[in-house]
Amino acid sequence: MRSGYMYILECGNGSYYVGSTTNLELRIRQHQAGVGAKHTAKNLPVELVYHEFFQEISQAYYREKQVQGWGRMKKLALIEGRLSDLPHLAKGKQT
């Protein structure tokens with residue numbers, strides 16, 4: 001099995017992009033060159049603000065889909081390491 005990463009980029013317009021890959025350095029270079037994804041290509045520059053390592057790429061892909069479903073404040077809490085805030089920031093529970 002191949003290992004992988006789930007990552008979060010902050011785009012030039014302030015939005016977050018969540019992805020997964022087996023080669024984090026290469027994937028970030030692709031995004032920065034405007035060939036990573038349509039969203040990042042339209043919102044350059046991008047900056048890596050968070051990543052997690054997984055023993056299997058399938059785990060990274062699963063985590064990507066999980067985090068993509070989160071709201072902005074919950075993603076920000078993850079980026080900032082405020083893990084205890086995550087349960088309170090579920091969609092619909094934000095105040």
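In the predicted model, S20 lies in strand β2, where its side chain is joined to that of E64 by a polar contact of 2.5 Å. Beyond residues up to four places away in sequence, S20 touches Y5, M6, Y7, A60, Y61 and E64. Two of these partners, A60 and E64, are among the buried residues of helix α3, so the surroundings of strand β2 as a whole, with six of its six residues buried and the strand largely enclosed by the rest of the structure, are described next.

Both faces of β2 are covered, with Y16, V18 and S20 buried on one side and Y17, G19 and T21 buried on the other. Within this strand, G19 counts as buried because its relative accessibility is 1%, which falls under the 20% limit used for that term. The contacts of G19, when residues up to four places away in sequence are not counted, are with Y5, M6, Y7 and E64. Although G19 and M6 are 13 residues apart along the chain, their C-alpha atoms are separated by 5.8 Å. Opposite G19 of β2 stands Y7, and the two strands β1 and β2, which run antiparallel, are joined by six bridges. Four residues lie between β1 and β2 in the hairpin that they form, and in the turn G14 has a positive phi of about 90°.

The hairpin belongs to a wider arrangement. An open sheet of three strands has the order β2-β1-β3, and its pairing is antiparallel. The edge strands of this sheet are β2 and β3, each of which pairs on one side only, while the twist from one strand to the next averages 20°. Eight bridges connect β1 and β3, again in the antiparallel sense, and G4 has F54 as its bridge partner in β3. Helix α1, formed by residues 24–32, packs on the sheet and touches β1, β2 and β3, with its direction making about 25° with that of β1. Helix α4 also packs on the sheet and touches β1, β2 and β3, and its direction makes about 60° with that of β2.

The buried residues of α4 are K74, K75, A77, L78 and I79, and they pack against β1, β2, β3 and α3. Just after this helix, G81 takes a positive phi of about 80°.

Helix α3 comprises the 12 residues 57–68 and reaches 16 Å from its first C-alpha to its last, which is close to the 16 Å expected at 1.5 Å a residue. The buried residues in α3 are A60, R63, E64 and V67. Viewed down the axis of α3, these buried residues fall within an arc of 110°, and they therefore line one face of the helix. In general, an α-helix has 3.6 residues a turn, so residues three or four places apart point the same way. The cover over the buried residues of α3 includes β1 (4–11), β2 (16–21), β3 (46–54) and α4 (72–79). The polar contact between the side chains of S20 and E64 thus appears in this setting as a link from strand β2 to a buried residue of α3.

The loop between α2 (38–42) and β3 was examined through two of its residues, one of which is N43. This residue is buried, with a relative accessible area of 13%, and its side chain reaches the backbone oxygen of H39 at 2.7 Å. With residues up to four places away in sequence not counted, N43 touches C11, G12 and N13. In the loop between α2 and β3 lies also L44, which counts as partly exposed because its relative accessibility is 38%, a value between the limits of 20% and 50%. When neighbours within four places in sequence are left aside, L44 is in contact with G12, H31, Q32 and G34. For L44 and G34, which are 10 residues apart in sequence, the distance in space is 7.3 Å, C-alpha to C-alpha. G12 is thus listed among the contacts of N43 and also among those of L44.

Notes
Residues are numbered from 1 along each chain as its sequence is written. This is a predicted model: local features need pLDDT of at least 70, side-chain atom pairs count only at pLDDT 80 or more; totals for chains, interfaces and linings use all residues. Side-chain values use heavy atoms; hydrogens and water are left out. The expected span of a helix is 1.5 Å times one less than its number of residues. Buried means under 20% relative accessible area, exposed over 50%, partly exposed in between (1.4 Å probe, protein chains only). The arc is that of the directions from the helix axis to the C-beta atoms. Contact means heavy atoms within 4.5 Å. A polar contact is a pair of N or O atoms within 3.5 Å; within protein, one must be able to donate a hydrogen and the other to accept it, and residues adjacent in sequence count only if both atoms are side-chain atoms. Two strands pair if DSSP finds at least two bridges between them. Axes are lines fitted to C-alpha atoms, for helices over the stretch in contact, and angles run from 0 to 180 degrees between N-to-C directions.
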